[in-house]
Amino acid sequence: AGGAPAEPAQGWALPWGWDTPWCGLSHGVVVTQGTQAEMAHTCRGTINLSTAHIDTEDSCNIVLSNGGRTYHLKANSEVERQRWVTALELAKAKAIRMRNNQSDDSGDEEPASQSDKSELHGPLKTLSSKLEDLSTCNELIAKHGAALQRSLSELENLRLPAESGEKIKAVNERATLFRITSNAMINACRDFLDLAESHSRRWQRLLQHEREQRIRLEETIEQLAKQHNSLERACRGAPGLASGTASGSSTAKGSVQSAKGEASDEDEETEYFDAMEDAPAFITVTADPKHHRRSGSNLSGASEGHPEDWNLEDSVFESSNQSSYNESTCKDLLPKKRRRTRIPDKPNYSLNLWSIMKNCIGKELSKIPMPVNFNEPLSMLQRLTEDLEYHELLDKAVKCESSTEQMCFVAAFSVSSYSTTVHRTAKPFNPLLGETYELDRLEELGFRSLCEQVSHHPPAAAHHVYSRRGWTLWQEITIASKFRGKYLSIMPLGAIHLEFHSSGNHYVWRKVTSTVHNIIVGKLWIDQSGEIEIVNHKSKDKCQLKFTPYSYFSRDVPRKVTGVVSDADGKAHYVMSGTWDEKMECSKILHSSHGSTSMEGKQKTVYQTLSPKVLWRKYPLPENAENMYFFSELALTLNEPEERVAPTDSRLRPDQRLMESGRWDEANVEKQRLEEKQRAVRRRREAEAVEALEEGKDYEGYIPLWFERKVDAVTGELICVYKGGYWEAKDKQDWSVCPDIF
């Protein structure tokens, strides 16, 4: 039940002291003491206090039941439980009095009802005015109609021709008044109908919106109920876990104490958001290295480490624990080319997204014609290169003598590539077939990178990075994306390879799924979810990283990433923890023990670790970044014009350059021209393929310029790898093999 209750508040005798007719309790439980009208507007899972039964199971548990619905709540101590029970009983008594005297609620309900109906007062007042106009016209018609009838009767009774002229004149005047009044009534009726029709359409839209909101709320509540059920099952399995580890960790700083202690809290957190069902749940306990050696410990010893190894002065971990900003400062001391630090501010153009996307639901994103208004002035090749922003992590990994230590840096590097996406909801430009991008920082940072778009449908990019500091990275990434109406899913397909020259350690991993939310309504935001398994194919070490998806009801920090580094025998050595938008930490494991098995068949593991060390921390964004597409310092330089690059380089793409300059209308025209040019080339290739098929010849299709397809010896997949020749062609400035794509 989370904390001691406050004293019953004035007006509403609830333990929280909130001045509202109803409030939330625990996870998904709502208790209310309002009127029946209020009860009709509460969500599913609500318990009316006036008819609820309050009971206790043991020293810490409270049972709330009402009809067929029962909730089990848990306090931290018996004293706290008694305070909750007392407060709930007082609230129940007040709710019964309120139910017996509905008039007491009128003053409290009035503000809410006035607020709810304030939007309707204007239209209702106008409609009432129109109705009054119609009533007035009706009275005038009746009055003048009666007078006309009298005049006609008098006209019939007349026998003298001399009087007929005056009577006929009077009849005409009254007929004229009748006609004017009738016209006024017709106009008033027309105005009334127009107003009623316009507001009827508006009310229909409001009704449809409320229906959609109700459906979303029901889905949310259903998900909450499932999570609550999972939490209850986790609570039942917690006592066995705690009892099995309490005595063995009695000297730890954050020791696992008992069923009511820290272990059960962590167990609840681990079980409550198990987005990946197959991920092993574990609990981390920070231990004191001076007292970690204990006699009579009942820890299993499945993983044991030596704290003195962790505190070596010359440890790579110690050097990595220094601030990343110091590293950045040191790099500034090196002689290097001065790079730009800003780009033109993003123009403020409004565009109706729904008018473009409503006919695109279910289609491949790369096949949807999109204006540059949804783009950022970088291509996908440049975004791929942006993964190297924290390349110094790999430079430090080269110095590691232990493969498991090296794995920690590789894991931190794999997470760091997502740090630039937290605010970057704009779409990068789709590269044209044959488009390339180079980033030559060999003299400044020790590496040079080359990307090429090797396929257009499906879009695929090959990437190769060589570092003179002892590592090589290569990958071929295919982007699969689907627009689902409410959100956009981006699934990168393909493996990332990293090899260290001196040790020969070869690491392979894959990216997680990115999801862009609130595509139609609301502020765009991006989330990363899924698992990354990093495998060292030489030593067979592994690292399992779990990206926890965002949940409104989660008590965890947003964008959380956790993982464990283990060797070939499955022995855990390090625990990784942090967030993908801020930092990653590494903790050396001293001991591990296995807890009890939960009802789902999962076995919890408790790791005793030394204090965590920061391996990676995100660089701060430049000043005015919010007006420059939230670009990092590296991203600001990626599209900076450079000499001697290939004619197919993304820096030379005209529509992207026009967009960066703020000339979006011209950029849209140029973007359409380039896309139509690419379609013409594709149609020509298709015609050549048909012709070759008719002649019985083989047609190779598009052949990449600087990459070639080979079967990877590690994964067995067909992958584009760098075949060489680009940097030699750059030295000679011989770009004769490059096609004219711009």
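**Exercise 1. Find out how many disulfides the structure holds, and look at the cysteines C543 and C60**.

Solution. Step 1: the structure holds zero disulfides, where a disulfide is a pair of cysteine sulfur atoms within 2.5 Å. Before going on, note that this is a predicted model, in which local features need pLDDT of at least 70 and side-chain atom pairs count only at pLDDT 80 or more, while totals for chains, interfaces and linings use all residues. Residues are numbered from 1 along each chain as its sequence is written, and side-chain values use heavy atoms, with hydrogens and water left out.

Step 2: take C543. The closest cysteine sulfur to its own is in C408, 7.1 Å away, which is too far for a bond.

Step 3: check the burial of both residues. Buried means under 20% relative accessible area, exposed over 50%, and partly exposed in between (1.4 Å probe, protein chains only). C543 has 0% relative accessibility, so C543 is buried. C60 has 5%, so C60 is buried too.

**Exercise 2. Describe the protein chain as a whole**.

Solution. Step 1: look for helices and strands. The chain has 16 helices and 26 strands; these are DSSP runs numbered from the N terminus, with helices being H or I of at least four residues and strands E of at least two.

Step 2: turn to burial. Of the 742 residues, 47% are buried.

Step 3: consider the contacts, meaning heavy atoms within 4.5 Å. Among contacts with a separation of 6 or more, 60% join residues 24 or more positions apart.

**Exercise 3. Explore the largest nonpolar core and say where it lies**.

Solution. Step 1: know the term. A nonpolar core is a set of buried Ala, Val, Leu, Ile, Met, Phe, Trp, Tyr and Cys residues joined through side-chain atoms within 4.5 Å.

Step 2: find its best-connected members. The largest core has 65 residues, and those touching the most other members are L498, W509, I534, L545, F547 and M576.

Step 3: ask which helix gives the most. That is helix α12 (residues 403-416), with eight residues.

Step 4: place the core. Domain 2 (377-641 + 703-732) and domain 3 (652-702) both contribute residues, so the core lies between them; the domain bounds come from an automatic or database domain assignment.

Step 5: look for another core. A second, separate one has 14 residues, including L450, V454, L705 and W727.

**Exercise 4. Decide whether Q406 is buried or exposed, and list what it touches**.

Solution. Step 1: locate Q406 in helix α12.

Step 2: read its accessibility. At 2%, Q406 is buried.

Step 3: find a partner for its side chain. A polar atom there lies 2.9 Å from the backbone oxygen of A397.

Step 4: leave aside neighbours within four places in sequence. Q406 is then in contact with A397, V398, C400, F500, S503, N505 and Y507.

**Exercise 5. Examine the backbone at P458, K540 and F630**.

Solution. Step 1: start with P458, in the loop between β11 (447-455) and β12 (460-467). The peptide bond from H457 to P458 is cis, with omega near 0 degrees.

Step 2: move to K540, in the loop between β18 (525-536) and β19 (542-547). This residue is not a glycine, yet its phi is positive, near 70 degrees. K540 is partly exposed, at 46%.

Step 3: finish with F630, in the loop between β24 (613-617) and α13 (633-638). Its phi is positive as well, about 60 degrees, although F630 is not a glycine. At 28% relative accessibility, F630 is partly exposed.

Terms used. Polar contact = N/O pair within 3.5 Å; in protein donor to acceptor, adjacent residues only side chain to side chain.
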